[in-house]
Amino acid sequence: MQSIYGKVELVCKGERLLDWINQAVQAQIPLEHIRWEDSGTIRLTVPLPHFFRLYALGRQSGVRMRMVRKEGAPFLWKQAKRRKFFFIGIPLFFLMLVTLSSFVWNVQIEGTERIQAQHVQALLKREGVYRGQWKGNLPDREQVQHQLLMQLPQAAWIGMRVEGTRVVVTVVEKKEVGRPGGDEVGAGPVHLVSTKNALIYDMQVIRGNPQVEVNDVVKKGQILVSGIYGNQSDPKSGKIVGAQGKVLGEVWYESDVSLPLERKRKVYTGAKVKRKRPYLFGWVIPNPWGEPVGFAKHETKERAYAMYVGKWPLPLGYIEEEIMEVEWVEEKWEPKQAIQLGRARASDEMRQKLGRDGRILGEKVLHTRVENGKVYLKVHFDVIEDIVKKQPILQGE
Amino acid sequence: MRKWASDFFDLPADVTQELPRVEMLGSSQCLVENIRDVERFEPQQLTLKLTQGRLSIRGQSLNIKTITPGMILIEGQIHSLSYEE
């Protein structure tokens with residue numbers, strides 16, 4: 001308390017020191033640490049607010065005093081005033097540190113080879129990411145990434161992150177692959193040959209000399225469309241072109257499928273418990289008093305909710321757990337059902353294999369067998385697919 | 001009259017009769033209440049004026065730690081206390 005008002009230590013000289021002290025005491029001046037320095041000199045301490053009254057009393061009794069020591073807030077304050085700029089400088093320093101570090105000083109673009117960095121920079125500026133931008137004013141990261149990706153067709157992925165006063169934008173460029181169909185025009189001289197033994201179902205020849213007709217049976221490797229016009233045995237007789245076209249062939253497949261008759265399946269019973277658990281800095285705070293979940297088998301779904309101050313997420317929040325009871329249910333199929341299922345599965349697989357041009361003309365179960373709790377199927381498929389493969393024409397022979 | 005009253009009401013005499021109340025802590029500290037004045041102050045001797053008579057404290061390197069009207073706290077090596085008329 002006294003250090004707020006301050007204290008003064010005085011060395012006093014005079015004839016009638018004792019009278020003066022008594023007067024001071026009577027005048028309600030609290031004196032402290034009164035001791036003799038030597039005969040005729042006294043050292044004492046007085047609170048600063050009372051000093052001036054004491055000094056006035058001393059003048060009356062002819063006491064001369066000298067200040068030896070000053071302590072307490074008023075003197076510190078006085079000192080602080082004298083070093084004004086220093087004490088202003090401290091908060092100013094921190095203010096500047098905070099202010100200057102809340103701006104974007106640098107926008108760095110990584111990973112651009114074919115895309116011009118200036119172009120990315122210009123796009124970023126339009127989005128509001130540029131040097132000198134206030135960090136609090138930066139647009140949403142996801143949105144910038146999305147916008148940039150929309151406007152940069154050559155980019156496969158764009159990532160933006162803020163590192164202190166620096167914004168780093170990472171661009172992942174698409175790998176340059178020859179345009180699909182780019183080899184159609186001006187492609188080298190090729191024949192189209194068959195990839196499979198098949199029955200020709202349909203032909204669409206854009207360029208080239210067809211060697212087979214619909215309903216012909218072809219062998220694997222047989223030339224379907226020749227790139228040589230004219231007499232085939234004499235390449236000089238006609239122009240050599242890149243044959244181009246689509247030949248659909250009817251192909252037969254047999255596929256084997258096996259399917260278990262019994263199957264265990266996980267089923268939610270519908271019973272569930274929801275509970276919330278707090279977390280801090282990514283650590284879930286365990287609750288030792290929590291009731292154990294009464295389910296023999298269960299699955300847990302977790303969802304984290306962070307707390308926000310304004311729009312800034314705090315490193316604390318809670319996790320909502322949804323604990324759901326599960327049961328294993330055994331399913332048994334009749335062999336008939338299983339066969340049906342196996343057929344469906346086989347045709348699904350086949351359709352996937354055939355791709356865009358192919359389709360299934362017909363399917364037939366050739367053979368079924370139940371063994372060791374499993375059904376084995378052999379299914380025959382009659383399918384249509386593109387059987388074309390390009391083969392370069394060897395020249396100069 | 002005052003003495004009778006303080007006896008009758010069982011009140012402490014230092015309150016009613018302004019008698020000095022002396023509190024000592026070993027021989028190094030001495031607190032005296034109900035004093036009038038400091039009559040003499042030297043390192044070897046300190047004399048306090050009371051309502052009636054005086055109290056002399058003798059010792060070595062005596063100094064006043066705190067003084068307020070009516071109360072004094074003395075520090076130093078105290079050898080003796082004596083009441084004088």
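## A histidine with positive phi

At 29% relative accessibility, His33(A) counts as partly exposed. The model is a predicted one, and in it His33(A) sits in strand 2 of chain A, which covers residues 31-38. Its backbone deserves a look: phi of His33(A) is near 50°, a positive value in a residue other than glycine.

Asn215(A) offers a second case of this kind, with phi near 75°, again a positive value in a residue other than glycine. Asn215(A) belongs to the loop between strand 10 (209-210) and strand 11 (217-218) of chain A. At 56% relative accessibility, Asn215(A) counts as exposed.

## Helix 2 and what follows

Let us turn to helix 2 of chain A, residues 17-26. Helix 2 of chain A is mostly covered, with 7 of its 10 residues buried. The buried residues in helix 2 of chain A are Leu17(A), Leu18(A), Trp20(A), Ile21(A), Asn22(A), Ala24(A) and Val25(A). After helix 2 of chain A comes Gln28(A), whose phi is positive, near 65°.

## Helix 2 against helix 3

How do we describe such a pair? Two packed helices are described by the angle between their axes and the distance between the axes. For helix 2 of chain A and helix 3 of chain A (residues 48-60), the axes come within 10 Å and cross at roughly 140°. Angles over 145 degrees would count as roughly antiparallel; helix 2 of chain A and helix 3 of chain A are therefore oblique to each other. The crossing of helix 2 of chain A past helix 3 of chain A is right-handed.

Which residues of helix 2 of chain A meet helix 3 of chain A? On the helix 2 side they are Trp20(A), Gln23(A) and Ala24(A), and on the helix 3 side Leu54(A), Leu57(A) and Gly58(A). The residues of this contact of helix 2 of chain A with helix 3 of chain A divide into 4 nonpolar, 2 polar and no charged. Two of the helix 2 residues here, Trp20(A) and Ala24(A), are also on the list of buried residues of helix 2 of chain A.

## Helix 6 against helix 7

Further along chain A, helix 6 (residues 117-127) packs with helix 7 (residues 141-151) at an angle of about 135°, with their axes 10 Å apart. Helix 6 of chain A and helix 7 of chain A are therefore oblique to each other. Helix 6 of chain A passes helix 7 of chain A in a crossing that is right-handed.

From helix 6 of chain A, the contact draws on Val120(A), Leu123(A), Leu124(A), Arg126(A) and Glu127(A), and from helix 7 of chain A it draws on Val144(A), Gln147(A), Leu148(A) and Gln151(A). By class, the contact of helix 6 of chain A with helix 7 of chain A has 5 nonpolar, 2 polar and 2 charged residues.

## His191 in strand 8

Is His191(A) buried or exposed? His191(A), which lies in strand 8 (residues 190-194) of chain A, is buried, with a relative accessible area of 10%. A polar atom of the side chain of His191(A) lies 3.0 Å from the backbone nitrogen of Gly227(A).

Not counting residues up to four places away in sequence, His191(A) touches Ile223(A), Val225(A), Ser226(A), Gly227(A), Ile228(A), Ala243(A), Lys389(A), Lys390(A), Gln391(A) and Ile393(A). Gly227(A) thus appears both in the polar pair and among the residues that His191(A) touches.

## Val388 and Ser347

Val388(A) is part of strand 20 (residues 388-392) of chain A, and is partly exposed, with a relative accessible area of 21%. Neighbours within four places in sequence aside, Val388(A) is in contact with Leu192(A), Val193(A), Thr195(A), Leu224(A), Gly245(A), Lys246(A) and Val247(A). Glu321(A) is 67 residues from Val388(A) along the chain, and their C-alpha atoms are separated by 56 Å.

Ser347(A) belongs to helix 8 (residues 335-354) of chain A. Ser347(A) is buried, with a relative accessible area of 6%. Beyond its neighbours within four places in sequence, Ser347(A) is in contact with Ile360(A), Glu363(A) and Phe381(A).

## Chain B

What does the secondary structure of chain B come to? Chain B has 2 helices and 6 strands, in the sequence pattern α-α-β-β-β-β-β-β. The C-alpha trace of chain B spans about 45 × 25 × 20 Å along its principal axes.

Of the 85 residues of chain B, 32% count as buried. Among the contacts in chain B with a separation of 6 or more, residues 24 or more positions apart account for 37%.

Terms used:
Residues numbered from 1 in each chain as written. Chains lettered and ligands numbered in written order. Predicted model: local features only at pLDDT ≥ 70, side-chain atom pairs only at ≥ 80, totals over all residues. Heavy atoms only, no water. Axes fitted to C-alpha atoms, helices over the stretch in contact; angles between N-to-C directions. Helix = DSSP H or I, 4+ residues; strand = E, 2+ residues; numbered from the N terminus. Parallel < 35°, antiparallel > 145°, perpendicular 65-115°, else oblique. Left-handed = near helix turned anticlockwise from the far one by under 90°. Contact = heavy atoms within 4.5 Å. Nonpolar A, V, L, I, M, F, W, Y, C, P; charged D, E, K, R; others polar. Buried < 20%, exposed > 50% of the residue type's maximum accessible area, 1.4 Å probe, protein only. Polar contact = N/O pair within 3.5 Å; in protein donor to acceptor, adjacent residues only side chain to side chain.
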